[in-house]
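The following paragraphs lead the reader through a structure, beginning with its contacts to DNA and ending with its interior.

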Number of protein chains: 2
Amino acid sequence: MEKTDRKSEILHVAAKLFRERGYNAVSMRDIAKELDIKAASLYNHISSKQEILELTIIRIAEAFTNGINLINSQDISVKEQLTLLVELHIKLTLADPDAMACVNNDWMHLAKQELDYFIQMRNRYEDKFRSILKKGISSGEIADLNVELMLFSMLSTLRTLHLWYGRKKSLQPAQLKADMTRVLLQGIL
Amino acid sequence: MEKTDRKSEILHVAAKLFRERGYNAVSMRDIAKELDIKAASLYNHISSKQEILELTIIRIAEAFTNGINLINSQDISVKEQLTLLVELHIKLTLADPDAMACVNNDWMHLAKQELDYFIQMRNRYEDKFRSILKKGISSGEIADLNVELMLFSMLSTLRTLHLWYGRKKSLQPAQLKADMTRVLLQGIL
DNA sequence: TCAACAAACTAACATTTGTTAGTCTGCACA
DNA sequence: TGTGCAGACTAACAAATGTTAGTTTGTTGA
């Protein structure tokens, strides 16, 4: 049991440090020190610092892509789709808050190829989110307000969940989901 | 006219680059190249790279501090106070989106002293924002939901305005303020 | 005409960085 | 007992970084 191999350990430690200080402020020696080994030893498990970043970010970006595709394929109301989107963000954030912070803060440090891939996924994700909102406006489920504003208001809240969740131990995931859906859809009044 | 002195030029160019790549990924040589001078020449105007960061971030943090203090001192309804907070964020973001991005992304790279000062201001800002929400709950103006959730939902939306505003040239500040207040207070339904 | 100064330059520095090469050690298994 | 290998190590590298020292250049006001 607890068969966490060394590579996963490295990825988790790195994500934690990246979250605290940012990718460029964390050196391979910093990561190594946290694991009580020397920097050169890291290269027995990973091929480069870039690879650490890629494995951390791309995995989560793909999870979002898969998640929204699944939601989009279902024949349910817009409100239900939005509820599932809230759930998706919560699930992925709670599963690995450090990596999620990394996605939000350090994606621009990906190398060209992975950067292009990431941006493509992000754009498509936002496009699909936007489509859901537009569909809701057409059907009358959603108020006819500025779509871009609604989109980024929801997205920014969902994307920065990692910043404050964790200080409130009392808040259970199911309750968080219910409260967050309520606030995002109906506001605070 | 256009008496922008060299120091301001440096600060603006630096903020633009910091926004694109992050503080640690931008070298003094990068900043200098953007101004068609050599890195050493920058030191005729500024004392260190840290100083650039400090001047950029602290100014805005203090503007927020002053802004919320002014709002707090007024004897108006909670709803009116929240509207003024929305206005404050919009005003400061539109005045200098690059510096605002810098505040959001690079504050952790401030040196100890300024970092402590910044965090203190940020905590007090959030405390005052939270107090306004709590007052609203007591008076019945605001729904009795999780305060932390409402606080960070609003804050994350307001703080990341710089990420998407600018793609929508058509949206005027006054309209943005009205729409954003509507979405944050009453939701999207 | 010349002194003063702002603001650019060249050259160099000590550190830090990511990474590689080559080596050592101890466990698993034949 | 011995072979192989995972995974640690030491040593070193070239490149990039922030910064300093000392110098040149051009404009401005006496």
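A polar contact is a pair of N or O atoms within 3.5 Å; within protein, one atom must be able to donate a hydrogen and the other to accept it, and residues adjacent in sequence count only if both atoms are side-chain atoms. The model is predicted, so that local features need pLDDT of at least 70 and side-chain atom pairs count only at pLDDT 80 or more, while totals for chains, interfaces and linings use all residues. Residues are numbered from 1 along each chain as its sequence is written, chains are lettered from A and ligands numbered from 1 in the order in which they are written, and side-chain values use heavy atoms, with hydrogens and water left out.

Phosphate oxygens of DNA strand C lie 2.8 Å from a polar side-chain atom of B:Ser41 and 2.9 Å from one of B:Arg6. For A:Val26, a polar backbone atom is 3.5 Å from a phosphate oxygen of this strand.

In total, 16 residues surround DNA strand C, each with a heavy atom within 4 Å of it. The closest are A:Tyr43, A:Lys49, B:Lys38, B:Asn44 and B:His45. Of the strand's atoms that come within 4 Å of the protein, 52% belong to sugar and phosphate.

The interior holds one cavity of 30 Å³ or more, a cavity being a set of points on a 1 Å grid over the protein atoms alone where a 1.4 Å probe fits but cannot get out. Its lining, meaning residues with an atom within 4 Å of a point, includes A:Met150, A:Ile188 and B:Ile188.

Terms used
1 Å grid on protein atoms, 1.4 Å probe; cavity = no way out; pocket = protein on both sides within 12 Å on 5 of 7 lines; lining within 4 Å. Points joined across faces, edges and corners; volume = space filled by probe spheres on them.
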